[in-house]
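Work through the exercises below with the sequence and the model in view. Try each task before reading its solution.

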Amino acid sequence: MSTLKTYQVYPRIPERLQFLETLARNMWWCWRLDAVELFRRVDPRLWEQSGRNPIVFATMMSQERFERGTRDESFLAHLDRVQKKFEQEIKSPVDYSQTRYGRDKRVAYFSMEFGIHESLPFFSGGLGVLAGDHLKAASDLQIPMVAVGLLYRKGYFHQYLDHEGWQQENYPETDIFHLPVNLAKDTDGKELLVTVDGPSGPIHAQVWVVKVGRVPLYLLDTNIAENPPEVREVTARLYPGESPNRLAQEVVLGIGGMKILEQLNIDPSVCHMNEGHCAFACVERIAQVMETCRVDLKTALEIVPRSMVFTTHTPVAAGHDEFSVDEVRPYLASYEKRLGTAMDTILSWGQTGKKFDPEAKICMFVLAMTFSQFCNGVSRLHGSVARQMWQHVWPKRPVEEVPISHVTNGVHIPSWISIENHMLFERYLGPDWYLNNAHTDLSNRIDQIYNEEIWRAREMSRSRLVRSCRSMMVRQCGRRNAPKAVMKEAESVLDPEILTIGFARRFATYKRAYLLFMEPERMEKMIKSSTKPVQFVFAGKAHPKDNEGKELIKQVVQFSRRQGLSRRIIFLENYDINVARHLVQGVDVWLNTPRRPMEACGTSGMKAAVNGVLNLSILDGWWAEGYCESCGWSIGNGEEYQDHAYQDAVEARALYNILENDVIPTFYDRHEGDTPDRWVEMMKESMKLVLKNFCAHSMVQKYEGNYYLPAVDNYARLAADQGRAAQELVSQRHRIEQEWPNVRIQSPESETDVFYRVGDTFQVTTEVHLGGLTPDDVEVELYYGQLKSVEELKDANVVKMSMIEDLGEGSYRYACDVPCEHAGRFGFTARVMPTGDDYLKYAPGFLTWA
């Protein structure tokens, strides 16, 4: 039937229920529990069968069921309540002209993946879920944001295990008619079509739009008739293994994404790149700024970086995408003419050297970093790791001054909170607690909740998890055509009354799922205890090409088949947002065993903690700054080892000791009735920790205050009057580049005494030769601190030195006073750098030491 044509029939929604269709096509519903419950109450079983997708759900319902809804007064009251909240939070207008953003400016957020809900399969893991939480929080906070990503017809793989426990992958195609997406249209009502250069000709992409509360998310899709078959596959799968296809995706995302915004007449004041996959957006944005502001390349290069934000999530240099010069060159061919510069110059922007190297790879991190004044890691520890990892880009900078800061990730609490905890928070914190959850006084009201109430909520969440796990295990066994005895056993896995520990994350070797099994007899003894038993729920995917990760999954499955363990250890297939939601709400302990410092953040632990789940983790990622004894346990004290085998042995032993001596006894300590009071007090502290410090609203507010608003101001100032202020920066940079080779600074000198007492002050002077520059062009600083080694200081301080004498012929004397605040052995030196903002001061090459 080669002429077969398809069409989609949607249900006819009665006018009184018309808001249901509006609600189904805005993902706001998925983080408002009252809206989720509105759909679920219609038919709970059918809601689950639909995959909790309201569009699929509606097509599964009979027309008669809709008509019945129009006569259900209770349902209609619920509908009206949700509609009122929707109009209040989403439809009410915001006058941005009265804010620093201005009337028509936007923050453009780029990400390779977005994890908003399990019914939108455009994510693989933590990076995407973080991006989804970022958009939700931005919507709640009414930040004028627009987002750009890719629409994957086959998404990330679905996981299932064979009889031996070996991971298999499947890539089912997503039915576009089952998604809340519409084809995006430009200001003239025409469907958007964007084109980027490719190695074998143009790559065309149509554009879909998803409403995420107030934030429109635009998704590019190359699966259209205008493209040849191989190009249609560019956006088929998330993170394809083949380098050419991955490069094509990143070009479509970055360059194509910026072109979308241009067609929509959106001139973003800020572009935020969520990881280096988006780095090609920098090149297209430079071209657009040149054209819209009518400036030359040098001027655009002063404007664009000062209004770009780059967030890196990868704590390993090998994890950043790199492509060969020959691979990248054809995608950027048109920019030679648009930018008015040589291709080698454009390619050099993605390399660390000063000059173009035809043999060096184009690194997406370097390209993004080159054009971003605002760069951050995703936890305090990760920021430190990133500074060490990329110090070679700023070889003269002390590692602590490498211009990579941090904003610790946060989680969008309304998306992850259990219904039981939501009801408690609503009762004790207030009906709008989810919009003000970072407020300290609000979170402290957690202490007012009765221990019995929190424990009852915990038991209900655990029971719901057990029911869900049994249902999932039955389906898993059924797919493998398991014997009846195995199917029967799957119906009774786990015990809703005993300590439940969750381990769910990507199965990469550095996550060390094997740590629990290094002493199998000890592990088995804990599980089989007749008085204080423990059970474990595992979930997670290994990358399709990571056989070591797959072996770890198999190891878990094989261990669970030991005599008497099959009901106490289970592995849930196809870890996604739905499975994660059940786990972070239902387990008692969240276990995390990465090899420090390879965990960038680890937001799953936050999601668990806000539900009163206690973390048991290596001090890595967020837990390195969030841990305290009153809200969980640490494995070790933050040590880092060169000998990995020794590290595994030490930390496995520590893990068993903590489980046997702390975790298990505390859970089963029920002196007065059925409530483990010490455990519950730790639950409360855990909840308060995340509410105060690790919620997505706080995270986005930090991005806004530290990055977005300064970038907005930079763009408004530098782009005005055809870039007049930016042209002044061009002149300043040119003068500094010409004269900097002549800048010299002598070793600083102090008074003759080398011994001082705490409270003393002494003067330090130095002589600086500036050549053709003046004291107004530079800053001279004294760099001092306690000696760490002969050539290195720790906890260094910086004091600005003042010019006290013009020595003539471009030489000047500078001085400052140094306070003696602590006893010890100290050292000092001096340095000179340009006067200006951070983007100029931290430019590689503009730093001279004595």
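**Exercise 1: a strand pair**

Ser 789 stands opposite Glu 792 in β25. The model is predicted, with local features needing pLDDT of at least 70 and side-chain atom pairs pLDDT 80 or more, while totals for chains, interfaces and linings use all residues. Residues are numbered from 1 along each chain as its sequence is written, and side-chain values use heavy atoms, without hydrogens and water.

Task: Which sheet order contains β25, and which are the edge strands?

Solution. Start with the pair: β24 (residues 778-789) and β25 are antiparallel over seven bridges. Strands are DSSP runs of E, at least two residues, and helices are runs of H or I, at least four, numbered from the N terminus; pairing takes at least two DSSP bridges between two strands. Next, the open sheet of four strands runs β25-β24-β28-β29, with antiparallel pairing. Its edge strands, β25 (792-800) and β29 (848-849), each pair on one side only.

**Exercise 2: a lysine**

Task: Which side chain does the side chain of Lys 136 meet in a polar contact?

Solution. First locate Lys 136, in helix α7 (residues 126-140). Lys 136 is buried (under 20% relative accessible area, 1.4 Å probe, protein chains only). It has no salt bridge (Lys or Arg side-chain nitrogen within 4 Å of an Asp or Glu carboxyl oxygen). The nearest side chain of opposite charge (Lys and Arg positive, Asp and Glu negative; His and chain ends not counted), Asp 133, is 4.1 Å away. The polar contact is with the side chain of Ser 415, at 3.0 Å; such a contact is a pair of N or O atoms within 3.5 Å, one able to donate a hydrogen and the other to accept it.

Technical notes:
Buried < 20%, exposed > 50% of the residue type's maximum accessible area, 1.4 Å probe, protein only.
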